[in-house]
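Me: I should like to go through this structure with you and ask, for some of the terms applied to it, what justifies them.

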Amino acid sequence: MVNIAAIAQSLHQAAHQAKPITQISLEHSITLDQAYEVQKELINLRLKEGETLIGLKMGFTSEAKMQQMGVHDLIWGRLTSAMLIPNNNTTSRSQYIHPRVEPEICFRIAQDIPGELNETEVIEYVDAVATAIEIIDSRYQNFKFSLEDVVADNCSSIGFVVGDWMPVTKDLNNLHMALNIDQNTVAEGSSNDIMNNPWKSLAAATRLAAKYGEPIKKGMYIMAGAATNAEFIQANQTAAATVETLGEATVSFR
Ligand code: OOG
Ligand code: MG
């Protein structure tokens, strides 16, 4: 028997204490559905502490990320108010275990999404788009996990930074994307690396949100997933993500 509440509690504590734990899948056989139940419970623990649900994130939407992490399926996680770091701000390295940063595109939802939509329909439900950085911080030792492990761990979510909101353009293809650490470009790709079209990632989010009963509501942030590898970041370093035409998002670690 998998104890959903106990696993959620240990992941929650690992995040609070910035101390990694052993992968769940090494000790229990856990199904993907159970992993999503753990994730929901884990988020409930955050909500009980006063955080609010402000968005969803997609993961493994690019080949680069799937290759880097050895996991080959789309995943989704939840974003809470405590995870949003204002652009051009500072965050303390000591609150993380082994943080990585990755360049993303973020969508802002204009009206409640009624159910599954395709990549054209979904455009009508977005009122702004921005460059974003996701900070991920797996609660597992060595940042190693199975698909079920990472889903249970809310897809390694810990923080995200959103640049200036830009007007919606229907064509988000072929935009150069880069991740810089202290002015050095450490990863580069194209918006096409996100499912051949970032709008497809949002369409996939509508499908998964409908399937798992987590409605996408007006005002939510939806992160499309990294276009490139994620890179480790240390104290006294600054990360900047750029997306051609959308601008920049930055965060400094101290
Ligand atoms: C899991 C989260 C994946 C993305 O953008 O692909 C993700 C991880 O790599 O730890 O956020
Ligand atoms: Mg990500």
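Me: Which cavity is the largest in this predicted model?
Reply: The largest cavity is the space taken by ligand 1. The protein covers 100% of the 320 Å² of accessible area that ligand 1 has on its own.

Me: What makes the approach of lysine 57 to ligand 1 a polar contact?
Reply: A polar side-chain atom of lysine 57 lies 2.9 Å from an oxygen atom of the ligand, and a pair of N or O atoms counts when within 3.5 Å, so the term applies. By the cut-off of 3.5 Å, the term also holds for lysine 65, with a side-chain N or O atom 2.7 Å from a ligand oxygen, and for alanine 226, where a backbone N or O atom lies 2.9 Å from one.

Me: Which elements give two or more residues to the shell around ligand 1?
Reply: They are β1 (53-59), α3 (63-69), β5 (100-109) and β6 (126-136), and β1 gives the most, with 3 residues. The shell residues divide into 9 nonpolar, 3 polar and 5 charged.

Me: Why is the aromatic pair of tryptophan 76 and tyrosine 212 called tilted?
Reply: The centres are 5.6 Å apart, within the 6.5 Å required of a pair, and the planes make 45°, which is neither under 30 degrees, as for stacked, nor over 60, as for edge-to-face, so tilted is the term that remains.

Me: What does this pair tie together?
Reply: Tryptophan 76 belongs to strand β2 (residues 75-80) and tyrosine 212 to helix α5 (residues 198-212), so the pair ties together parts that are 136 residues apart in sequence.

Conventions
Residues numbered from 1 in each chain as written. Chains lettered and ligands numbered in written order. Predicted model: local features only at pLDDT ≥ 70, side-chain atom pairs only at ≥ 80, totals over all residues. Heavy atoms only, no water. Polar contact = N/O pair within 3.5 Å; in protein donor to acceptor, adjacent residues only side chain to side chain. Areas by Shrake-Rupley, 256 points an atom, 1.4 Å probe, with all protein chains shown as cover. 1 Å grid on protein atoms, 1.4 Å probe; cavity = no way out; pocket = protein on both sides within 12 Å on 5 of 7 lines; lining within 4 Å. Sits in = over half its atoms within 2 Å of the grid points. Helix = DSSP H or I, 4+ residues; strand = E, 2+ residues; numbered from the N terminus. Nonpolar A, V, L, I, M, F, W, Y, C, P; charged D, E, K, R; others polar. Phe/Tyr/Trp six-rings, centres within 6.5 Å; stacked < 30°, edge-to-face > 60°.
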